[in-house]
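Please load the model in your viewer and keep a selection prompt at hand. The stops below are meant to be taken in order.

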Amino acid sequence: MADHRWQGTTQAAYANMVGPFGGITCAVLLHAALQHPQRAGDPIALTVNFAGPVADGAFEVEARPLRTNRSTQHWSLMLTQDGVPCASASAVFAQRRPTWGAPESRPPAGMPAPDALPMAPSEGRPAWVRCYDMRFAPGEEAFGLDGHEQAHSESRLWVRDAPPRPLDFVALAALADSFFPRVFVRRRRVAPIGTITLSTYFHADAAMLAAQGDRHLLGTARAQVFRDGYHDQSATLWSHDGHLLASAHQMVYYRD
């Protein structure tokens, strides 16, 4: 690190249709803040704005702490290539302290165990898909691309890194973007798309992630509306034993 800057390079394993898989860009930006010597606390929020595609090759990440308070720390993050911004981000870290708490959201009921479901195939799909073990609920496999529009865009699946690795904040940031674009699911056909902005909220501390280990997470994703070339996408990621670890919300561009 020099002057809050790190050097990196793209990896072919995480290639998408255009540039790298967005989740790995989120993970790289968060990782820069996590390894910064001034970091205080664990991440509770990350918002990434994708300004343009990341080309194959070298990039630079700047991670700069803006302000540290008693409970929170605020960050500005930027990924550039040849001085041109490709993604900008803000992150909030926090010192978590014991308080009263109660869950309101519930994981989806009736989901078969991951071992009871087949691993989704990766042939003919972008390279990054092979980095994840995805096991969809019966009838909800996102790439059933028969062109017959369905009435909803909801998906339920078990997902983890492939090969399995213990869960940490960097992996969780990437997993939050591992859900296929909802326009693919709703219309059951591929269209030109691109995530414009993605916000991920971390509801777990490091101990909860350690307790998850390398088990599958239970994920859900859906859209609220498709309109004028953009759709939103909301997702949740649950631990194997039903604790909400992260939620994510993004806006996606699509072309008809």
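The tour of this predicted model goes through pockets, a cavity, a surface patch, salt bridges and some backbone details.

**Stop 1: the largest pocket**

Select Asn 16, Val 18, Ile 193, Gly 194 and Thr 195. These residues lie nearest the centre of the largest pocket, whose lining has 32 residues. The space inside is about 660 Å³. Now colour helix H1 (22–34), strand E8 and strand E12 (244–254), the elements that each give two or more residues to this lining. Strand E8 gives the most, with 4 residues. Colouring the lining by residue class gives 20 nonpolar, 10 polar and 2 charged residues.

**Stop 2: a nonpolar patch**

Keep Val 18 selected and add Met 17, Leu 145 and Val 190. Together these four form a nonpolar patch on the surface, with about 370 Å² of accessible area. Val 18 also appears among the residues nearest the centre of the largest pocket. Zoom in on Val 190, in the loop that runs between helix H3 (182–187) and strand E8 (193–202). Val 190 counts as partly exposed because its relative accessibility is 43%.

**Stop 3: the second largest pocket**

Next select Arg 96, Gly 101, Ala 102, Pro 103 and His 203. They lie nearest the centre of the second largest pocket, which is lined by 20 residues. Its volume is about 530 Å³. Here the lining divides into 9 nonpolar, 6 polar and 5 charged residues.

**Stop 4: enclosed space**

Rolling a probe the size of a water molecule over the atoms shows where empty space is left. In this model the count is 2 cavities of 30 Å³ or more. What is the volume of the largest cavity? It is about 40 Å³. To see its walls, select Arg 160, Asp 161, Arg 165, Leu 167, Leu 175, Gly 213, Asp 214, Arg 215 and Leu 217. By class, this lining has 3 nonpolar, 1 polar and 5 charged residues.

**Stop 5: salt bridges**

There are 14 salt bridges in the model. Start with Asp 3 and Arg 64, whose closest N and O atoms are 3.9 Å apart. Asp 3 is in the segment before strand E1 (5–9) and Arg 64 is in strand E3 (residues 58–68), so this pair ties together parts that are 61 residues apart in sequence. Asp 3 is exposed, at 51% relative accessible area, whereas Arg 64 is partly exposed, at 30%.

Move to Arg 186 and Glu 149, another salt bridge, with an N to O distance of 3.7 Å. Arg 186 belongs to helix H3, while Glu 149 sits in the loop between strand E6 (132–136) and strand E7 (155–161), so the two tie together parts that are 37 residues apart in sequence. Arg 186 is partly exposed, with 24% relative accessible area. Then widen the first selection to Asp 3, Arg 5, Glu 60, Glu 62 and Arg 64: salt bridges with shared partners join these residues into one network.

For the last pair, select Arg 135 and Asp 133. Are these two residues buried or exposed? Arg 135 has a relative accessible area of 14% and is buried. Asp 133 is buried too, at 5%. Their side chains meet in a salt bridge, 2.9 Å from N to O.

**Stop 6: helix H2 and the loop before it**

Select Phe 169, in helix H2 (residues 169–175). Phe 169 counts as buried because its relative accessibility is 7%. Draw a C-alpha to C-alpha distance from Phe 169 to Ala 206: the two are 7.7 Å apart in space and 37 residues apart in sequence. Then go to Pro 163, in the loop between strand E7 and helix H2. The peptide bond from Ala 162 to Pro 163 is cis, with omega near 0°.

**Stop 7: positive phi angles**

Most residues other than glycine have a negative phi, and most peptide bonds are trans. Select Asp 82, where phi is near 55°. Asp 82 is in the loop between strand E4 (72–81) and strand E5 (84–94), and counts as exposed at 82% relative accessibility. Finish at Asp 228, which has a positive phi of about 55° although it is not a glycine. This residue lies in the loop between strand E10 (226–227) and strand E11 (230–238). With a relative accessible area of 70%, Asp 228 is exposed.

Methods:
Residues are numbered from 1 along each chain as its sequence is written. This is a predicted model: local features need pLDDT of at least 70, side-chain atom pairs count only at pLDDT 80 or more; totals for chains, interfaces and linings use all residues. Side-chain values use heavy atoms; hydrogens and water are left out. Patches are made of residues with over 30% relative accessible area and no salt bridge: like charges are joined within 9 Å, nonpolar side chains (Val, Leu, Ile, Met, Phe, Trp, Tyr) within 5 Å. Accessible areas come from the Shrake-Rupley method with a 1.4 Å probe; for residues, only the protein chains shown count as cover. Buried means under 20% relative accessible area, exposed over 50%, partly exposed in between (1.4 Å probe, protein chains only). On a 1 Å grid over the protein atoms alone, a cavity is a set of points where a 1.4 Å probe fits but cannot get out, and a pocket is an open set with protein on both sides within 12 Å along at least five of seven lines; lining residues have an atom within 4 Å of a point. Grid points are joined across faces, edges and corners, and a volume is the space filled by probe spheres set on the points. Ala, Val, Leu, Ile, Met, Phe, Trp, Tyr, Cys and Pro count as nonpolar, Asp, Glu, Lys and Arg as charged, and the others, Gly among them, as polar.
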